[in-house]
Amino acid sequence: EEAKILWLQGEQEKAITLAGKLKDELKDQTNTKLYSNLLYTTGKWLAETQAESRDVIFNSYMKRSIKILQDNGNKIGQSHKLCEAHFVLAKYADKLYNRLAEKIKGDEWEVSNSIRDEKKRELENFRKSYNALKDEKKKNDLRGALSRLQRQVDLDKEETDSITRDTNYSLRTAVDHYLLCIRNGDAYDTRVTFRICSLWFNNPTHDFINNRITDLISRG
């Protein structure tokens, strides 16, 4: 309760710090209701303030809270919280997905893509010229430049692949937990249905979403 008061008073950093201490104190105790609520609340706060990485928020807080609720929901009288917990996690993942999707659609990313493509063409031409050389001394002189250009292209690819993976992961997580939300209660049915449809229409060739929607329809 003290942490919640601090949060409401705008003392966000203090609230999160106190919640973190309570988390450590409660992790070995049997009060699963208090512990799951603490994880859930702290996860929401961390998501709002972006005070932790995505993976920490997902795995150390939100998904752990959901796991406790799934295992003990009926016993601790918290089964109604499961629907809400899935919704909060889905919203957070959805927010991350939107941020990444907007970045990929943006002018800055388009310019970066053009630069990356130009570097790949430059590397290809450089390598052809390098391989055509007969003079080993000239080859030795150019080897360092070729290696540096290859490294730049590799780093560009790593960045592109990382953003693509993160975008897909956030999208999949959002869809999965939106669907789990409506399977565990009806408090968010309208909001979730509209959002799932929006994600589906915006990603018509995404097999994962198509399969999830097909499964949902087949369940009735």
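Here is a short briefing on the core, the salt bridges and a charged surface patch of this structure. Please keep in mind as you look around that the model is predicted. A good place to start is helix 5, which supplies the largest share of the largest nonpolar core, 12 residues, and also gives the most to a positive surface patch.

**The nonpolar core**

- The largest nonpolar core holds 46 residues.
- If you want to find its best-connected members, look for Trp45, Met62, Tyr92, Val175, Tyr178 and Val192, which have the most contacts inside this core.
- Many helices take part: at least two core residues each come from helix 1 (2-8), helix 2 (12-26), helix 3 (32-49), helix 4 (54-72), helix 5, helix 7 (136-183), helix 8 (189-202) and helix 9 (207-219).
- Among these contributors, helix 5 provides the largest share, with 12 residues.

**The positive patch**

- On the surface, Lys91, Lys95, Arg99 and Arg191 together form a positive patch.
- Helix 5, spanning residues 79-105, gives three residues to the patch, the most of any contributor.
- Lys91 sits in helix 5, and Lys91 counts as partly exposed because its relative accessibility is 42%.

**Salt bridges**

- Side chains of opposite charge can pair when their charged atoms come close.
- In this model the count comes to 15 salt bridges, and the pairs below are among them.
- In helix 4, Lys67 and Asp71 are four residues apart, so about one helical turn separates them.
- The side chains of Lys67 and Asp71 meet in a salt bridge with an N to O distance of 2.6 Å, and Lys67 is partly exposed at 45% relative accessibility.
- In helix 5, Lys81 and Glu84 are three residues apart, about one turn of the helix.
- Lys81 and Glu84 form a salt bridge in which the closest N and O atoms are 3.8 Å apart, and Glu84 is partly exposed with a relative accessible area of 23%.
- In helix 7, Lys137 and Asp141 lie four residues apart, about one turn of the helix.
- The salt bridge between Asp141 and Lys137 has its closest N and O atoms 3.5 Å apart, and both of these residues are exposed.
- Arg54, Asp55 and Asp166 are joined in a network of salt bridges.

**The loop between helix 7 and helix 8**

- Asn184 is placed in the loop between helix 7 and helix 8.
- With a relative accessibility of 34%, Asn184 counts as partly exposed.
- From C-alpha to C-alpha, Asn184 and Asp107 are 40 Å apart in space, and their positions lie 77 residues apart in sequence numbering as a separation.

Note on methods: Residues numbered from 1 in each chain as written. Predicted model: local features only at pLDDT ≥ 70, side-chain atom pairs only at ≥ 80, totals over all residues. Heavy atoms only, no water. Patch = residues over 30% accessible without salt bridge, like charges linked within 9 Å, V, L, I, M, F, W, Y side chains within 5 Å. Areas by Shrake-Rupley, 256 points an atom, 1.4 Å probe, with all protein chains shown as cover. Salt bridge = Lys/Arg side-chain N within 4 Å of Asp/Glu carboxyl O. Lys, Arg positive; Asp, Glu negative; His and termini not counted. Charge placed at Lys NZ, Arg CZ, Asp CG, Glu CD. Buried < 20%, exposed > 50% of the residue type's maximum accessible area, 1.4 Å probe, protein only. Core = buried A, V, L, I, M, F, W, Y, C linked by side-chain atoms within 4.5 Å.
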